[in-house]
Each structure stands twice: as structure tokens, then as C-alpha cells.
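Me: Before we discuss this protein, could you put the sequence and the structure where we can both see them, and then take my questions in turn?

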Amino acid sequence: MTAQRIYDTVADDFSRVNDLITHRLSSDVPLVEKIAQYIVESGGKRLRPLLVLLTTRALGYEKDNHLKLAAVIEFLHTATLLHDDVVDTSDLRRGKKTANARWGNAPSVLVGDFLYSRAFQMMVELNSMPVMEVLSSATAVIAEGEVMQLMNVKNPDLSEAQYMTVIHNKTAMLFEAASHAGALLANAPADQALAMKEYGKHLGLAFQLVDDVLDYQGDAESMGKNVGDDLAEGKTTLPLIYAILHCSNEERKLIRTAIRQGGLKDLPAILAIVERSGAINYTLELAQEHATKAGKCLESLPDSPHKQALGLLTELAVARVA
């Protein structure tokens, strides 16, 4: 119900963004269009374009360029998903086969490149150097985050600080760019633009922290992926980092070996260790801290249904674990 209230606040804008996305996916190369439409229509919540719409409207923006900015953000996000799934050799996303599982790695990577290119074409059309600076910088940071994560695959020595840097660059950065660029497009005062940048960052961190908890508590039906997928890929996320520091020597050895080897042979035992160590609660408390910080960033905004929706979004970020 809360999620629907948020989307209802910008229902007309959201519908127009969806139409624009469909229109700008067109290509003279049938396979490009087919794969792009498949991934864009795969059931995502489109939170990042939603952030653009809510931010611009909360700051009193009344023109139409926010629709194009929202579409740009979605194209950037979709391109990263295509590339991520190839790097991670993933077969399932949002309960559906990934594009690389259906068409192969090479077409998926190349269509990801097409979406990046289309995003930058539309970015130029916005004719805003501040917005272009934010989005081009964010794209570089996201790519760096991907490389950092790849470098740390099967690394059981990843620290919490290193992990937080990875999830900021890889995930939170696009949330941050969406709300920051939205504020710049709306010509918000410098203090409000900075507040919305921080809002997006903390919201993105909260979402990723909860996602990493759900990897040890969720299920394929609700998440679109299987419990333990991160462990199977050798990804050291915060629940594992915390558990390693708060378990017995024997349990620590088991987790470290599982990370190094990948796979799910010891998943039941590791799930029990993670739960017993307090890692789930610790990660959720940190997610709540970031959600609270995001909420505080909204204090300088004038009261409106859009501001209220941005506030509800911070609650939704952590309410997914029930």
C-alpha cells in the first residue's frame, strides 16, 4: 500500500516516462531492440527514475525535461544490469532468465553499450552542463565499483569499510545521481541540491544493505533470485563480514573456505552462523541508520505530497524485510 501511494503521487509522469522509454528503445537493428525491451520490461520497480520525478516535483519543477532525465537514468541502470549479469554469469534476474542466458554474453554486452549511448544522446538533449557533469561522473564511478567488486570476488578479507565503498560506487551512486541531477534540473538552491544528493546516497545504501540481508533470508519467488546467490558467486557482503568477526574459529574457517571456493555446499551451516552471530540484525540496523539519514535530508524541502512520498520511500527501503 505504501509503495502504491508513492507511485500514485507521480502517476501521470511515470506513465509518460514509460512511453518515452519504449519510444527511445527503437533501433534499426531488431536484436538490439528485442534485448533492450526484454530487460527494460523485466518487472523492475524503476526506483531511480521515480526518484527523478519525485525530486523535481518536490522542488516545484513544472516543465517536461524531467521525463527525459528519468528515462536517461533508467537506461543507465539497465545498461549496468546487462553488463553485471554477464560479469556475474547470472541466469536469473527478477524471476526471469537474464538476457545473457537467453541470447548469450556478446549480444548482452553490446546492447548494454547501445543503452549507454542512447542515454548520453538524451543527456545532451537536456542541454544542462551541471546535469551532464553529475551523470557522466556517476557512470565512471559505477564502472569503478563494478571493477572493485570483481577484484574482491572470493576475498574473505574484505573489510566493512571496503564493502561500503563498493556498494556506494556500484549501487548507491545512481540513486545519488538521480536525486542530485533532478534537483539541478529544477534549479534548486545549492543547499537543497546538496541535500538531495545526500538523500539519494543514503537511500541507495539502505536499499543495498537490505538486499544483502535478503540474500540470506529471501527466496526466489519474492526476490527473483535464490538464497545464497551472493555466496555462490564468492561475494563477501556485510552479513558475512560481520559473521566472520563474531563466530568461533571453526565457523570462521568454514565461511572463509566457502567464500574462496564459491558454490553452496555449506549454505545451510553458513545461514545458521550468520543468523546466530547477529549479522542480520547488525546489517539491518545500519540500513535503518542510512534510511533515517535520508529522511533528515528532506527537512529543507517545502511540504508537498512529493516530499511525503520521498519520506515514505526511506521507510520502504527497510520495510522489505518482514
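**Helix faces, a cavity and some loop residues**

Me: Which helices do the buried residues of α15 pack against?
Reply: In this predicted model, the buried residues of α15 make their packing contacts with four helices named by their residue ranges: α12 (229–232), α13 (238–245), α14 (249–261) and α16 (279–296).

Me: Which residues of α15 are buried, and over what arc do they lie around the axis?
Reply: Within helix α15, which runs over residues 267–277, the buried residues are Leu-267, Ile-270, Ile-273, Val-274 and Ser-277. They sit on the same side of α15, because around the axis they cover an arc of only 120°.

Me: Which residues are exposed on the other side of α15, and what phi does the residue just after the helix take?
Reply: On the side of α15 away from the buried residues, Pro-268 and Arg-276 are exposed. Just past the end of α15 comes Gly-278, whose phi is positive, at about 90°.

Me: How far apart are the end C-alpha atoms of helix α2, and what span should its residues give?
Reply: Helix α2 covers residues 11–24, and its 14 residues at 1.5 Å a residue should span 20 Å. The model agrees with that expectation, because the C-alpha atoms at the two ends of α2 are apart by 20 Å.

Me: Where do the buried residues of α2 lie around its axis, and which residues are exposed on the other side?
Reply: The buried residues of α2 are Asp-13, Phe-14, Val-17, Leu-20, Ile-21 and Arg-24. Looking down the axis of α2, these buried residues fall within an arc of 120°, so they line one face of the helix. On the other side of α2, the exposed residues are Asp-12, Asp-19 and His-23.

Me: Which helices pack against the buried residues of α2?
Reply: The buried residues of α2 have packing partners on both sides of it in the sequence, namely α1 (2–9), α3 (30–40), α4 (47–58), α5 (65–87) and α7 (105–126).

Me: Is Leu-25 buried or exposed, and which residues does it touch?
Reply: Leu-25 is found in the loop between α2 and α3, and it counts as buried because its relative accessibility is 1%, where the cut-off is under 20%. Leaving out residues up to four places away in sequence, Leu-25 touches Glu-33, Ala-36, Gln-37, Val-40, Phe-75, Phe-114 and Leu-115.

Me: What volume does the largest cavity have, and how do its lining residues divide?
Reply: A search of the whole structure finds 1 cavity of 30 Å³ or more, and the largest cavity has a volume of about 30 Å³. Its lining is made up of Tyr-38, Ile-39, Ser-42, Asp-85, Arg-93, Lys-97, Thr-98 and Ala-99. By class, these lining residues divide into 3 nonpolar, 2 polar and 3 charged.

Me: What phi does Thr-89 have, and is this residue buried or exposed?
Reply: Most residues other than glycine have a negative phi. Thr-89, in the loop between α5 and β1 (92–93), has a positive phi of about 50° although it is not a glycine. With a relative accessible area of 58%, Thr-89 is exposed.

Me: What is the phi of Asn-127, and what is its relative accessible area?
Reply: Asn-127 belongs to the loop between α7 and α8 (129–151), and its phi is positive, near 55°, in a residue other than glycine. Asn-127 is exposed, and its relative accessible area is 69%.

Terms used:
Residues numbered from 1 in each chain as written. Predicted model: local features only at pLDDT ≥ 70, side-chain atom pairs only at ≥ 80, totals over all residues. Heavy atoms only, no water. Expected span 1.5 Å × (residues − 1). Buried < 20%, exposed > 50% of the residue type's maximum accessible area, 1.4 Å probe, protein only. Arc of directions from axis to C-beta. Contact = heavy atoms within 4.5 Å. 1 Å grid on protein atoms, 1.4 Å probe; cavity = no way out; pocket = protein on both sides within 12 Å on 5 of 7 lines; lining within 4 Å. Points joined across faces, edges and corners; volume = space filled by probe spheres on them. Nonpolar A, V, L, I, M, F, W, Y, C, P; charged D, E, K, R; others polar.
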